[in-house]
Each structure stands twice: as C-alpha cells, then as structure tokens.
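Here is a friendly walk through one model, written for a reader who likes to see the cut-offs beside the values. Please keep the viewer open while you read.

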Amino acid sequence: MPAPDVQLSTMMVTGYTRNGRIDDALTLFDKMTTRDVISWNSMLQGCLDCGDLGTARRLFDEMPERNVVSWTTMVNGYMKSGRVEEAEGLFRDMPGKDVAAWNAMIHGYCGNGRLQDGLRLFECMPRRNVVSWTSLIGGLDQNGKSEDALLLFRKMSKHEDALMVFIKMIREGVFPNQSTFTSVLNSCRGLEAVDKGREVHTVAIKLDLETDVSVGNSLLVMYTECGNVHDSVAVFKRIEGKNTVSWNSIIVGSAQHGCGIWALIFFNQMLRTGFEPDEFTFTGLLSACSRSGMLQKGRRFFEYITRYKSASVDLQHYTCMVDILGRSGKLHEAEELVKNMPMKPNSMVWLALLSACRVHSNVDAAERAAKSIFSLDPHCSAAYVLLSNLYASAGRWADVSRTRVRMRHGGVVKERGSSWVVMKGKKHEFVSGDRGHPLIERIYEKLRWLREKLKEVGYVADQRFALHDVEDEQKEEMLWCHSERLAIGFALISSVEGSGITVMKNLRVCGDCHEVIKLISGVVGREIVVRDSGRFHHFKNGVCSCSDYW
C-alpha cells in the first residue's frame, strides 16, 4: 500500500506487538504520517505487553492528546511491574477518572499484596461495577484472605443475579476468568445450590481452569459447604500449585465433616510439601480433634502451638481446646483452662464450655459459664437457650420459666430454629410444627409411616429433648414435628428413590432427631447429610459419621 490510513497502520502496530515484534511496531509507528489517540494507545499497550515500560512512559509523555484509556494503560503497566508509587502518582494526576481506572488501581494493589490500600480505595470509589467487586474479592482470596473475600462477597446481597450474569456471559461467548469463577462459585455456596455449582464446575473443566489454584480453592469450599466432602477432596487432589489456602481449606473442611483422621493426614502432607502452618491451620486441626473426639491429639497440638507458636495463638484456639476438653467430659479441666488463659476470655470461649455442660448435663458448671457470658454480653440468646434447654432436660421447669422470663424482660429474642432443603434451585424451609408448605399433608403422612417403621426396629423417643412441660404423649408428637424431620420428609417424597439428601439447619440437631435420622437412613436406604450449627453429619446405613460424638 502506498499510503495506508491510520486505522490500517494501527492494526499492523497491534499485530507486531502481539507477536513480540516491538522494534517493527515502533518503526512503523514512527513512519505514520497521521496518528490519533487510538494509535498512540495501541503503541503504548504494545510496549507494555512486550515488557518495555521505559519506552511506554516516553511515548506517554510525548502524546499530544491523552484520554482516560491512556492513563489507565500506564497505571496498569506500573502496577504489573510492581512500581506502585509511580502508578499512584499517575492516578492522582489523572483527569476524569472512570470506573475502569479505579478498578485498575484496586487490581494492582491486590496483585502487589497491598490489600489494605485496595480496600481503602474500594470504599471511597464513587461508583462500582462487577469488575470492582470481583477484583477485590479475587485479590483477597489470592492473598490468603478467603474468609474476608467471602464476607465482602456477602456484602455484594445478590447471588441469584450473579448466577444469571454468569450464565449470560457463557451464552454470549464471553470467557470467564479465575476471579469470575471465584465469585460465581461463592454464589453457589451462598445459595447452597450444589447442582448449580456442578454446572459451573463443568464450565471450568471445559476452559481448563479446574486445576487453577484460585478456581480449585473456590470449588473446594463450595463442595465442602454444600455437604459434599468427597467431591471437595477430589477437587483438592487435582489443584496444581496448591497454596496455604488450599491446605487450610481441605483441613478445615475435613474437620467440619467429622473426618478428623483425614485432617491429620492432609496436615502431614502439607508439612512434607514444605508449607508452614498458620493460625488457620491450627484452628482446623483443633476443630478436627474436637469433632472427632481425639482428646490426646488435641492436647498435643494445643501444647505445641502454645509453646512454639505463641505469637499465632488467639482466642479461637482456646475456644477449640475448651471444646475438646468439654466434649470429652473434662469439664473441670476446661473451666480451669478458661480461668487461666493469658488473655481475657470472650463470650465464645464461655459458650464452648456452656455447650459442653449441656451435653454432659452439668447444671452447676453451666450456671457459672452462663453468668460469665451474661457479664460480657447480657443479650446473648445462645447462652439463654442452652441454659434453658439444660434445665428442661433435667426437669427443672421452674428454672426454665425463670430463664424465659429473664429473656423476655431483657428483650432477648431466641433465634427461631429452621431446616431447609434446596431442590432444583428452590429453597424449601420448615420450622417446628410447620403447616404452611403446599405438600405438608404428604410430608406428615411420610413421617407417620417412618414413625411406625422405626418403632418396629425398637425406636423409643427420648423425651428429654421435648423442651416443654407437657404430657409424655404430647412430647413425642412435638419431637416428630421438629424442623429437620419435616425437611427430610419433604426430601423423601420429592427426590428420586435412593438418591442422597442434604438438609441444612441453623441450630444444633437435637439428640432424639439424631437417633431418628440414623434409623431413617437405614430404613430408606439413603445417605442423609445434615448440617447443623456446628458440623456436618453423614447418616448412612443406620450410623452417623460423628460416631454419636457431637
């Protein structure tokens, strides 16, 4: 061509830089008789893509006209090179900053480990879009702050909308990146929609991102929180370049599901791989020991971290150790540990002791723990409920009434117990004695059938868990209306014969329901996973994964 126009010349410049031919691109750019802002920006980006930051800055300074893209391109270039101060200087001088410029800074801060700066900038942004959220969420996750990322994602409300946007992206041929997958998988987790999570997992496999560490970590957490620990382990094994978040997530996940031995095995593998455990690792290990009844191993871990890792010890570790001792029946030792802590115990430490007192029906120790809790948090509903339930189990109905009156006068509201099942993307929630579900008559009919079957195998209701002062027959009726049983009844009539069932519950499953669900799993020949406020229970063939220790 004797005189190619500016558009064609710009296309050639871009083509040269994309193939690493920066010298040819610069030669052609110098020969161009006419240049517009697009050609300047293309050359600028080409230099940065080829790693020539110096030439990019020279061109930027020579530009006769700059737009916001020019400024943002240079900001990105400095951030990718780790020259954060230069990027900050440009950002301060940039006229008419748009949301893309703010996003570039947030992404750059996170990429350089400057999370607090990224958070600060995020908070003062005049306008945010999906990229703003995913940049910060992805940055937090990649820098070992997965819990903070999840908290931020929850602030963002809109899980259903996130899934719809993701589906639209796929349909329109826009390829999601790692941050997108992290966000949408957290939405699946928030909705407890494992079926949607599996669909997203399939997309990740097709794009060869399943083994990516950030995507793999998000898949791992999603499966764990949705009750599928075996899938989370399978994902973990396929992650390439595992980081500390990967190891901590699988250790904590194993603990949540009562797989204490798995947690210890993964911990040993983590050490052999050369990773240094942190405070989250030890919290996961202590939780695993607590939920699996491993008293001696818990003692040894706690002794190790208090002796050799004292800088990493926090209240969470003491809470776990109190829980380990309390659940093992060592209530006196647990109480002494709380009294002799090097830091002031918070209400969560005392609640762990109070919960153990409830398990072992120790009213005296429970009253002392409750008194300490109320001195710290007079409106702690969990403490009132635990104490009231303990009194009820002991038949001390006057104390039950006194505790409830105290709650009422103090304006303390008890969290209402509920259980739910997510089926075909829809959440079906039940409360004790519920009559509002469209299929409620069929649900109660299924429960009556189960009740008769369980009596045939020797079931007798444990009326200590009917927490009202009524006749024995009424107590049994009340137990059969507990929310988790209604949710299981619904799942049984609404799902394919032989398929697994997952039920979520916001409070601790009661002892009688625990025994009933074990028996139901054997009668119907299905695995039933129940997540309560403390852990996951896997019921199968008449036994529970917790070995009746929870």
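Which residue of β6 is the bridge partner of K540? The bridge partner of K540 in β6 is V543. Before we go further into that corner, a few ground rules will help.

This is a predicted model, in which local features need pLDDT of at least 70 and side-chain atom pairs count only at pLDDT 80 or more, while totals for chains, interfaces and linings use all residues. Residues are numbered from 1 along each chain as its sequence is written, and side-chain values use heavy atoms, with hydrogens and water left out.

## The whole protein

The protein has 29 helices and six strands; helices (H or I, at least four residues) and strands (E, at least two) are DSSP runs, numbered from the N terminus. Along the principal axes, the C-alpha atoms fill a box of roughly 100 × 55 × 50 Å. Of the 550 residues, 51% are buried, where buried means under 20% relative accessible area, exposed over 50%, and partly exposed in between (1.4 Å probe, protein chains only).

About 26,400 Å² of the protein is exposed, and carbon and sulfur atoms supply 51% of that area. Accessible areas come from the Shrake-Rupley method with a 1.4 Å probe, and for residues only the protein chains shown count as cover. As for charge, the mean positions of the 69 positive and 66 negative charges are 3 Å apart. In that count Lys and Arg are positive and Asp and Glu negative, with His and the chain ends not counted; each charge is placed at NZ of Lys, CZ of Arg, CG of Asp or CD of Glu.

## The sheet

The six strands form an open sheet in the order β2-β1-β3-β4-β5-β6, with mixed pairing. The edge strands, each pairing on one side only, are β2 (426-431) and β6 (543-544). Two strands count as paired if DSSP finds at least two bridges between them. Strands of a sheet pair through backbone hydrogen bonds, either parallel or antiparallel.

Start at the β2 edge. Strand β1 (residues 418-423) pairs with β2 in the antiparallel sense over six bridges. Within this pairing, M423 has K426 of β2 as its bridge partner, and W420 has E429 of β2. The two strands form a hairpin with two residues between them, and K424 in the turn has a positive phi of about 55 degrees.

Helix α28 (residues 483-494) packs on the sheet, where it touches β1, β2, β3 (501-505) and β4 (528-531). Contact here means heavy atoms within 4.5 Å. The direction of α28 makes about 20 degrees with that of β1; axes are lines fitted to C-alpha atoms, for helices over the stretch in contact, and angles run from 0 to 180 degrees between N-to-C directions.

Now for the other end. β4 and β5 run antiparallel and are joined by four bridges, one of which pairs I528 with F539 of β5. Their hairpin has four residues between the strands. Strand β5 (residues 536-540) is largely enclosed by the rest of the structure because four of its five residues are buried. β5 also pairs with β6 in the antiparallel sense, over two bridges. In the hairpin of β5 and β6, two residues lie between the strands, and N541 takes a positive phi near 50 degrees.

## Four residues to click on

| Residue | Location | Relative accessible area |
|---|---|---|
| E88 | helix α6 (residues 84-93) | 16%, buried |
| C510 | loop between β3 and α29 (511-524) | 12%, buried |
| D208 | loop between α13 (194-206) and α14 (213-225) | 62%, exposed |
| S361 | loop between α22 (347-359) and α23 (363-376) | 44%, partly exposed |

What does E88 touch, not counting residues up to four places away in sequence? The residues are M105, Y109 and R114.

How far apart are C510 and H159 in sequence and in space? They are separated by 351 residues in sequence and by 31 Å in space, C-alpha to C-alpha.

The backbone of the two remaining residues is worth a look as well. D208 has a phi near 60 degrees, a positive value in a residue other than glycine. S361, also a residue other than glycine, has a positive phi near 55 degrees.
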